[in-house]
Amino acid sequence: PVICKIYTFQNSRDAAGLIGFLKDKNPTYREAAAIACASVQAAETVTPLAKLLKSDKKNAVRLAAAYALGQVGESQAEPLLLDAYKHEKSPDVKQAILEALGKCGTEKSGLTFLTSLDVSGQPDRVFMGKAWGIYRFSLRNIVSPKGNEIMIAALAQNTPENVRFVAA
């Protein structure tokens, strides 16, 4: 019944109703509410989603919060994503943060961060997040020569296949 209520808030685009569930003690409800916020795409969800991303103990909830912040697409999420990346340990969540950055970041901060980010020694998922982030920037017509160089270099045979796919 609680998940149905979350879906009802999502279908009626009721961001205020969803925000309450982002604080629920049940992580399943927090995750579902975060994913619903991705659909609603309301600016007022940015701060509560960023709090989840920074402090929730469950990887799945932080992953959903990062995804939702990207889908909301508000540039005010950029510094929150950059800050969360510094403290994040999970490669899956890092990947989601980097892709979200490409959906809402600016060339000056977000793209510069991505193009200067050293992912050597990191799991492939982090490299994939960097590639997805640069790709998402390009979909918004935000490109840089360094970003182009990174994507071309990622086409090399020794690059993991999933990263080459994104670069292509």
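What follows is a working chat about the predicted model shown above.

Me: Before anything else, what kind of model is this, and how are the residues numbered?

Reply: This is a predicted model, in which local features need pLDDT of at least 70 and side-chain atom pairs count only at pLDDT 80 or more, while totals for chains, interfaces and linings use all residues. Residues are numbered from 1 along each chain as its sequence is written, and side-chain values use heavy atoms, with hydrogens and water left out.

Me: OK, how many helices and strands are there?

Reply: The protein has 11 helices and 0 strands, where helices (H or I, at least four residues) and strands (E, at least two) are DSSP runs numbered from the N terminus. Along the sequence the pattern therefore reads α-α-α-α-α-α-α-α-α-α-α.

Me: And what is its radius of gyration against that of a compact globule?

Reply: The protein has a radius of gyration of 16 Å, which agrees with the value near 15 Å for a compact globule of 168 residues; the radius is taken over C-alpha atoms, and the globule rule is 2.2 Å times the number of residues to the power 0.38. Along its principal axes, the C-alpha trace spans about 50 × 30 × 25 Å.

Me: What share of the residues is buried?

Reply: Of the 168 residues, 48% are buried, and buried here means under 20% relative accessible area, with exposed being over 50% and partly exposed in between (1.4 Å probe, protein chains only).

Me: How much of the contact is between residues 24 or more positions apart?

Reply: Among contacts with a separation of 6 or more, 62% are between residues 24 or more positions apart, a contact being heavy atoms within 4.5 Å.

Me: Switching to the surface, what area does the protein expose, and how far apart are the mean positions of its charges?

Reply: The protein exposes about 8,500 Å², and carbon and sulfur atoms supply 53% of that area; the areas come from the Shrake-Rupley method with a 1.4 Å probe, and for residues only the protein chains shown count as cover. The mean positions of the 21 positive and 16 negative charges are 4 Å apart, with Lys and Arg counted as positive, Asp and Glu as negative, and His and the chain ends not counted. Each charge is placed at NZ of Lys, CZ of Arg, CG of Asp or CD of Glu.

Me: Now helix 7: is it mostly covered or mostly open?

Reply: Helix 7 is mostly covered, with 12 of its 14 residues buried, and these include Lys94, Glu99 and Lys103 as well as Val93, Ile97 and Leu98. Helix 7 covers residues 91–104 and reaches 20 Å from its first C-alpha to its last, close to the 20 Å expected at 1.5 Å a residue; that expected span is 1.5 Å times one less than the number of residues.

Me: Which helices do the covering?

Reply: The cover includes helix 4 (46–55), helix 5 (59–72), helix 6 (78–87), helix 8 (107–116) and helix 9 (124–139). On helix 5 sits Leu63, which touches Asp92, Val93 and Ala96, leaving aside residues up to four places away in sequence. Leu63 is nevertheless partly exposed, at a relative accessible area of 34%.

Me: What about helix 4, which residues are buried there?

Reply: In helix 4 the buried residues are Val46, Pro48, Leu49, Ala50, Leu52 and Leu53, and they pack against helix 2 (15–21), helix 3, helix 5, helix 6 and helix 7. From helix 6, Leu80 touches Val46 and Ala50, again not counting residues up to four places away in sequence. Leu80 itself counts as partly exposed at 33% relative accessibility, and its C-alpha lies 8.5 Å from that of Lys54, 26 residues apart along the chain.

Me: And helix 9, what does it pack against?

Reply: The buried residues of helix 9, among them Met128, Trp132, Ile134 and Phe137, pack against helix 6, helix 7, helix 8, helix 10 and helix 11 (161–167). Helix 9 has 16 residues and reaches 22 Å from its first C-alpha to its last, close to the 22 Å expected.

Me: Last one, which residues other than glycine have a positive phi?

Reply: One of them is Gln41, with phi near 55 degrees, in the loop between helix 3 (27–40) and helix 4, where Gln41 is partly exposed at 40% relative accessible area. Another is Asn141, with a positive phi of about 60 degrees, just after helix 9 in the loop that leads to helix 10 (145–153); Asn141 counts as exposed at 71% relative accessibility.
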